[in-house]
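Colleague: Hi! Could you walk me through this one? I'm new to it.
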Amino acid sequence: MRSATDITIQRAIIHGVNPHVADGFVLSETSLPIRRDDPVATFLSNHIQNGLSDRAVRAGRFADGDDSQEELYRLLLLGRKNFVKTSQAIATSLHDIMKGDKRISVGTLVVCFFKAGNHDDVKRSLAVLKLDKGDAFRTATEKDRRGRRYMTLSEIRDIMPTTRERLQKCAFIRPLDPRPDDYDLMVLDRQHAVDEPAQFFTESFLKAKLASDPATHTRQFHKSAFAGLNSVRKNISMTAYNHVRRAINTAVHSQQIDIDDWANNLGAPQKARKAVLDAVRATIPDATVETDATVASQLTKKRIIRGR
């Protein structure tokens with residue numbers, strides 16, 4: 001999902017979620033009009049593109065249980081739930097959480113369907129974006145021809161988001177029917193301020209958790225990297241093979257691995273770098289992984305075979 005490019009906004013709705021002022025909670029009654037070359041649609045698609053490629057985005061899994069959100073998002077993606085009413089319920093949930101904790105930054109919530117041009121097999125995915133109040137845009141409330149209210153963005157300073165304006169909280173949800181075995185969504189839950197409650201967006205709002213842990217990531221990285229390396233073993237020299245093998249074993253002893261940077265700086269033939277990176281990427285959707293020292297030691301300890 002992180003590899004998605006050429007993002008097209010298919011349908012979007014914006015809600016105001018500021019519980020601390022009298023007119024701060026605004027639920028749109030209809031979707032945002034999407035027109036060709038619309039600056040709002042371009043602004044949103046660029047934010048989605050940036051969010052998916054952010055180094056801090058992580059694979060997540062909806063928690064099981066009575067309050068699980070998996071069914072809601074699955075049915076919404078299938079078109080079996082009303083888009084406007086469901087988005088209003090999602091915004092109300094976020095508003096209620098924010099109302100009880102003034103440390104959470106106020107802003108607007110965007111719910112939108114989008115399609116990636118390089119993923120023809122995926123009809124649509126869903127983005128849930130919390131846009132914090134700032135100077136990158138202003139909000140405005142308008143009405144359509146039928147008198148239905150909707151929020152939009154106006155006075156957009158720059159349709160290309162800068163590092164300073166990067167998303168702090170967002171989720172990108174895959175089609176969930178059938179439910180994927182590995183992860184349900186990619187989530188970015190960066191703290192806006194030092195006193196903001198950690199992981200409120202992921203755990204309290206989305207009712208989700210990270211799809212993997214350091215121990216699992218360490219095993220996945222080691223196994224998939226060696227699978228990629230072994231797939232080209234006959235096409236590279238033994239010197240190159242041993243160099244990459246040592247690099248894999250060394251990497252799992254790092255506290256954190258930036259997968260792309262690590263692969264691109266292997267100092268090995270391009271075919272070996274690509275094979276290893278493709279294999280790891282097929283297994284681990286995250287840009288970086290935390291490793292587990294105990295598991296790393298188990299995977300790399302020397303095995304001595306004693307003769308009889």
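Modeller: Happy to! Two strands count as paired if DSSP finds at least two bridges between them, and strands (E, at least two residues) and helices (H or I, at least four) are DSSP runs numbered from the N terminus. Note that this is a predicted model, where local features need pLDDT of at least 70, side-chain atom pairs count only at pLDDT 80 or more, and totals for chains, interfaces and linings use all residues. Residues are numbered from 1 along each chain as its sequence is written, and side-chain values use heavy atoms, leaving out hydrogens and water.

Colleague: Cool. How many bridges join β3 to β9?

Modeller: 3 bridges, between residues 58–62 of β3 and 185–189 of β9, running antiparallel. In that pairing, G60 stands opposite L185 in β9.

Colleague: And what is the strand order of the open sheet?

Modeller: The 8 strands go β2-β1-β4-β5-β8-β9-β3-β10, with antiparallel pairing. β2 (25–26) and β10 (208–210) each have a single partner strand, so one side of each lacks a neighbour in the sheet.

Colleague: Switching to rings: how many aromatic pairs are there?

Modeller: The count is 6, taking Phe, Tyr and Trp (its six-membered ring) with centres within 6.5 Å; planes under 30 degrees apart are stacked, over 60 edge-to-face, the rest tilted. F62 and Y73 are stacked, at 5.4 Å centre to centre and 10 degrees between the planes. F62 is in strand β3 and Y73 in helix α2, 11 residues apart.

Colleague: Is F62 buried or exposed?

Modeller: Buried, at 1% relative accessibility; buried means under 20% relative accessible area, exposed over 50%, partly exposed in between (1.4 Å probe, protein chains only). Y73 is buried too, also with 1%.
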